[in-house]
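Here is a predicted model to go through by question and answer. Each answer sets a value against its cut-off.

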Amino acid sequence: PGPVYTVGRIEFRGNHSFSDATLRRAMLLEEGDPFDRDRLRRSLARLNRLGFFEPLTENDVAMERAPGERRVDLTLSLRQQPRGRWSLSGSIIPFGQDIFPEAGISSRLPGWGRGVLEASTYYAAFSVFGIPSPILRALPHAAPARALPLISLGRPYLPGQAWLSGFSLSPQLGRQGSLATYGMIHADQAIRSVLLPDHPPAPPLEVPIKRAGGAATSGPLTCEARPPRLGWLRSAGALAADWLLAPRLF
């Protein structure tokens, strides 16, 4: 317990390709709010879910206190991930017991535009799949079980911009497939938010230690986080949702 501080300035450093607005929408803390360390941790978890930066921890947040004004300014140091990514794997499609390799290459677009048209939040991708998801196999005009090349332009799910993200446009999937992909991505995110909410572990506490005949010192005390109730079942449910719903087009 202690005096209540207010969030003063929130500054981002290292976001060379992304606007402040995109990052602020993912934050659960805003300038002028009462400072809440748990909301800060959850904000960092949401920024990590963007997938644009190296994983953030509280060590990447500089806090400058102004005790006289009961204000704390936050500076977040970000490290952008490479624009391109590739993947190569194999999967078994249970519908026909066929084995297809999966390969994909994608690149984030340059930092042009603002808002929903901010190009750096989009990926242009070329991928080869058997069929990206069992749900897409159920569509009336789904392609037969064979290697299917896909060219797509998509915006991954962005915390704080739910309905304006999480979609992929591909001429091979058509209008029906693109709408199904949008619904699948959002259904997957809704299920994961219930099964695996963003509650990152707290950092070690600095605990004062007083030794007999010596000066008081301090040292870290690390406590293991309480495991979530039915954690194994929650994780299994999230994996099942990913397998059924995640289209893996980005």
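Q: What confidence does the predictor give the protein chain?
A: The mean pLDDT is 81, and 72% of the residues reach 70 or more. The scale runs from 0 to 100. Among the elements, β3 has the highest mean, 96, and helix α3 (residues 134–137) the lowest, 57.

Q: Why is leucine 74 called buried?
A: Its relative accessible area is 0%. Buried means under 20%, so the label applies. Leucine 74 sits in strand β3 (residues 71–77).

Q: Which residues does leucine 74 touch, leaving out those up to four places away in sequence?
A: Val7, Arg9, Ile10, Glu11, Leu29, Phe35, Leu40, Val61, Ala62 and Met63. Contact here requires heavy atoms within 4.5 Å. Glutamate 31 is 43 residues from leucine 74 along the chain, and their C-alpha atoms are 9.5 Å apart.

Q: How do you know that arginine 108 has no salt bridge?
A: The nearest side chain of opposite charge, glutamate 118, is 8.8 Å away. A salt bridge needs a nitrogen-to-oxygen distance within 4 Å, so this pair does not qualify. Arginine 108 is nevertheless buried.

Q: Where is arginine 108 found, and what does it touch?
A: Arginine 108 belongs to strand β5 (residues 98–108). Beyond four places in sequence, its contacts include Phe18, Phe52, Tyr122 and Tyr123. Gln80, Gln81, Pro82, Arg83 and Ser120 are also among them.

Q: How do you know that the span of helix α4 is close to the expected one?
A: Helix α4 (residues 174–195) has 22 residues and reaches 32 Å from its first C-alpha to its last. At 1.5 Å a residue, 32 Å is expected. Its buried residues include Gly177, Ala180, Met184 and Ile185.

Technical notes:
Residues numbered from 1 in each chain as written. Predicted model: local features only at pLDDT ≥ 70, side-chain atom pairs only at ≥ 80, totals over all residues. Heavy atoms only, no water. Helix = DSSP H or I, 4+ residues; strand = E, 2+ residues; numbered from the N terminus. Expected span 1.5 Å × (residues − 1). Buried < 20%, exposed > 50% of the residue type's maximum accessible area, 1.4 Å probe, protein only. Lys, Arg positive; Asp, Glu negative; His and termini not counted.
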